[in-house]
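Me: I have a structure open and would like to learn how to read it feature by feature. Could you walk me through it?

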Amino acid sequence: MSKKQAIIISILLVLAAVAIYVYREYNRTNKDLATVAPDYTVQATALVNEFLANDSVAYNKYRNKILAVQGMVKAVDNVDGDCTVVLGDTMELSSSVRCLLDSAHAATGAGFKRGNQVTIKGAITGFKKDDTGLLGSDVELNRCVIGGE
């Protein structure tokens, strides 16, 4: 084998490896959280209070973790096929945990009523702090599924 053939074969092997990597990344999907064990189980009001006390410490604690959040349903929002379940104290209009349900599990959440006690598992995606103190702060979870186990 000549040196020129070895270089061409090496380049083709690198291109094949890159093509396989790109194909796998392009077709990669998120894991359904229904089969994933939660890293933490918390009450919705306790989670909100933890973020209100120190949001950077709380975010670092829960970043890239799966949470099972237990709480009372304040509202269920269905917009364009997306279902968001809002958990928190129903007697208070302020802070809450907003859980955007995975599209495969959205039909289950649409049946919830205000005051239902539920456990929702999801991944923390952010915290919207209300600096005015009028509207309340929200902890946001994404890819949520019903149930904590």
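**Reading the fold, one feature at a time**

Reply: Happy to. Let's begin with one residue: setting aside neighbours within four places in sequence, T84 is in contact with A75, V76, D77, R98, C99 and L100. Keep in mind throughout that this is a predicted model.

Me: Where is T84, and is T84 buried or exposed?

Reply: T84 lies in strand 3. T84 counts as buried because its relative accessible area is 14%, under the 20% cut-off. The strand around it is mostly covered too, with five of its six residues buried.

Me: How should I read the strands that pair with strand 3?

Reply: A useful general idea is that side chains in a regular strand alternate between the two faces of the sheet. Here, strand 2 and strand 3 pair in the antiparallel sense over six bridges, and A75 has V86 as its bridge partner in strand 3. These two strands form a hairpin with two residues between them, and D80 in the turn has a positive phi of about 55°. Strand 3 (residues 82–87) also pairs with strand 4 (residues 96–101), again antiparallel, over four bridges. There, V86 stands opposite R98, and L87 has V97 as its partner.

Me: In what sense do strand 4 and strand 6 run, and what is the bridge partner of R98 in strand 6?

Reply: Strand 4 and strand 6 run parallel, joined by five bridges. R98 has E140 as its partner in strand 6.

Me: What about the whole chain? How many helices and strands does the protein have?

Reply: The protein has four helices and six strands, and along the sequence they follow the pattern α-β-α-α-β-β-β-α-β-β. The radius of gyration is 21 Å, well over the 15 Å that the globule rule gives for 149 residues, so the protein is more spread out than a compact globule. You can check that against the box filled by the C-alpha atoms along the principal axes, roughly 80 × 35 × 30 Å. Of the 149 residues, 34% count as buried. Among contacts with a separation of 6 or more, 63% are between residues 24 or more positions apart.

Me: How do I read a helix that packs against something?

Reply: An α-helix has 3.6 residues a turn, so residues three or four places apart point the same way. Now look at helix 2 (residues 44–53), whose buried residues are A44, L47, V48 and F51. Seen down the helix axis, these fall within an arc of 95°, so they line one face of the helix.

Me: And which residues of the largest nonpolar core touch the most other members?

Reply: In soluble globular proteins, nonpolar side chains tend to be buried together. In this model the largest nonpolar core has 25 residues, and L47, V69, L87, V97 and V139 touch the most other members. Two or more residues of this core come from each of helix 2, helix 3 (55–62), strand 2 (66–79), strand 3, strand 4, strand 5 and strand 6. A second, separate core has five residues, including L33, I66, A123 and V145. To see one hub of the larger core, select L47: beyond its neighbours within four places in sequence, L47 is in contact with V42, Y62, L67, V69, V97, I124, V139 and L141.

Me: I also see cysteines. How many disulfides are there?

Reply: A disulfide is a covalent bond between the sulfur atoms of two cysteines. The count here is zero, with a cut-off of 2.5 Å between the sulfurs. For C83, the closest cysteine sulfur is in C99 at 10 Å, too far for a bond. For C99, the closest is in C144 at 4.5 Å, also too far for a bond. C83 is buried, with a relative accessible area of 0%, and C99 counts as buried at 0% relative accessibility.

Me: Could we end with two loop residues, H105 and D131?

Reply: Sure. H105 sits in the loop between strand 4 and helix 4 (106–110). H105 is buried, with a relative accessible area of 18%; outside its neighbours within four places in sequence, H105 is in contact with D32, A34, C144 and V145. D131 is in the loop between strand 5 (117–128) and strand 6 (138–146). D131 is exposed, with a relative accessible area of 70%.

Technical notes: Residues are numbered from 1 along each chain as its sequence is written. Side-chain values use heavy atoms; hydrogens and water are left out. Buried means under 20% relative accessible area, exposed over 50%, partly exposed in between (1.4 Å probe, protein chains only). The arc is that of the directions from the helix axis to the C-beta atoms. Two strands pair if DSSP finds at least two bridges between them. Contact means heavy atoms within 4.5 Å. A nonpolar core is a set of buried Ala, Val, Leu, Ile, Met, Phe, Trp, Tyr and Cys residues joined through side-chain atoms within 4.5 Å. The radius of gyration is taken over C-alpha atoms; the globule rule is 2.2 Å times the number of residues to the power 0.38.
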